[in-house]
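User: I'd like to understand the labels people put on a model like this one. Could you take me through the reasoning behind them?

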Amino acid sequence: MRNNNELSLKDLIYDFVNKSGKQKLYADRMVMDKWPEYVGEICAQQSKCISLKNGVMKVQVPNAAMRFELAGQKSTIIARINADYAMPVVKDILFF
């Protein structure tokens, strides 16, 4: 039987991750790994997520036409990414 002051292991781990700041790092890594899900397979094949730091994602796109198309969809992509997380992970995307 649990006392009122006892927490489950899941709650303790969640509290530790939140207090240590590791949740943001985990979310950043997940966003980079899930890049193909956010832009689609065709766009993902022609682009590469290089980094995500301080809410700014840098994406390398060698094809100028694809870079223009992705830049036009930037706000949609940012909204799609941030919808998956409790906190805003991406504030801006730089395509180069």
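Analyst: Happily! One cut-off first: contact means heavy atoms within 4.5 Å. Please keep in mind that this is a predicted model.

User: With that cut-off, which residues does M57 touch, leaving out those up to four places away in sequence?

Analyst: M57 touches V31, W35, C49, S51, L52, I81, V90, D92, I93 and L94. M57 is also among the residues that touch the most other members of the largest nonpolar core, along with V31, W35, L70, V90 and I93. That core has 23 residues, and α2, α3, α4, β1, β2, α5, α6 and β3 each supply at least two of them.

User: Why is S47 called buried?

Analyst: Buried means under 20% relative accessible area. S47 has 11%, so S47 counts as buried. You will find S47 in the loop between α4 (41–45) and β1 (48–53).

User: What makes the pairing of the S47 and W35 side chains a polar contact?

Analyst: The limit for such a pair of N or O atoms is 3.5 Å, and the side chains of S47 and W35 come to 3.0 Å. Since that value is within the limit, the pair qualifies as a polar contact. The S47 side chain also reaches the backbone oxygen of C43, at 2.7 Å. Leaving aside neighbours within four places in sequence, S47 is in contact with W35, V59, Q60, V61 and L70.

User: How do you know that β1 and β2 pair?

Analyst: Pairing needs at least two bridges between the strands. β1 and β2 (residues 56–60) have five, in the antiparallel sense, so they pair. One example is S51, whose bridge partner in β2 is K58.

User: Why are β1 and β3 said to stand at the edges?

Analyst: The open sheet has three strands in the order β1-β2-β3, with mixed pairing. β1 and β3 (92–95) each have a single partner strand, so one side of each is left without a neighbour in the sheet. From one strand to the next, the twist averages 20 degrees. Helix α2 (residues 22–33) lies across β1 and β2, at about 165 degrees to β1.

User: How does the radius of gyration of the protein chain compare with that of a compact globule?

Analyst: For 96 residues, a compact globule would have a value near 12 Å, whereas the protein chain has 17 Å. On that rule, the chain does not match a compact globule. Its C-alpha atoms fill a box of roughly 60 × 20 × 20 Å along the principal axes.

Note on methods
Residues numbered from 1 in each chain as written. Predicted model: local features only at pLDDT ≥ 70, side-chain atom pairs only at ≥ 80, totals over all residues. Heavy atoms only, no water. Helix = DSSP H or I, 4+ residues; strand = E, 2+ residues; numbered from the N terminus. Buried < 20%, exposed > 50% of the residue type's maximum accessible area, 1.4 Å probe, protein only. Polar contact = N/O pair within 3.5 Å; in protein donor to acceptor, adjacent residues only side chain to side chain. Axes fitted to C-alpha atoms, helices over the stretch in contact; angles between N-to-C directions. Core = buried A, V, L, I, M, F, W, Y, C linked by side-chain atoms within 4.5 Å. Rg over C-alpha atoms; globule rule 2.2 N^0.38 Å.
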